[in-house]
Amino acid sequence: MYNAQELVQRIKSQAKQQNILIRDMLSECDLSINAISQISNKKGLSSFSLARIADYLDCSVDYLLGRTDNPEVNK
């Protein structure tokens, strides 16, 4: 099963590596400032929202979900 904390950590790590502020990313993705805490509280995130975050961070959804350790998107 997927780990919500790992998902949050991977999002934060990718954002930090790219010098992106979480609040700016969420705003650009049309997501609530509470989106990250909702993931942490295991309320989940829609697949579309997760895809928007992955696209913004230029990484794969599979990477954010912990299904691979390779953040690169297969193009």
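**Cysteines, a loop lysine and a pocket**

The sulfur of cysteine 29 sits 11 Å from the closest cysteine sulfur, that of cysteine 59, which is too far for a bond. Cysteine 59, likewise, is in no disulfide, and the structure as a whole holds zero of them (a disulfide being a pair of cysteine sulfur atoms within 2.5 Å). Both cysteines are tucked away: cysteine 29 is buried, with a relative accessible area of 3%, and cysteine 59 is buried at 2%. Here, buried means under 20% relative accessible area, exposed over 50%, and partly exposed in between, using a 1.4 Å probe and protein chains only.

This is a predicted model, in which local features need pLDDT of at least 70 and side-chain atom pairs count only at pLDDT 80 or more, while totals for chains, interfaces and linings use all residues. Residues are numbered from 1 along each chain as its sequence is written, and side-chain values use heavy atoms, with hydrogens and water left out.

Lysine 42 is another story: this residue is exposed, with a relative accessible area of 70%. Lysine 42 belongs to the loop between helix H3 (35-40) and helix H4 (47-57), helices being DSSP runs (H or I) of at least four residues, numbered from the N terminus. Its C-alpha atom is separated by 6.3 Å from that of alanine 4, although the two residues are 38 residues apart along the chain.

Notes:
Helix = DSSP H or I, 4+ residues; strand = E, 2+ residues; numbered from the N terminus.
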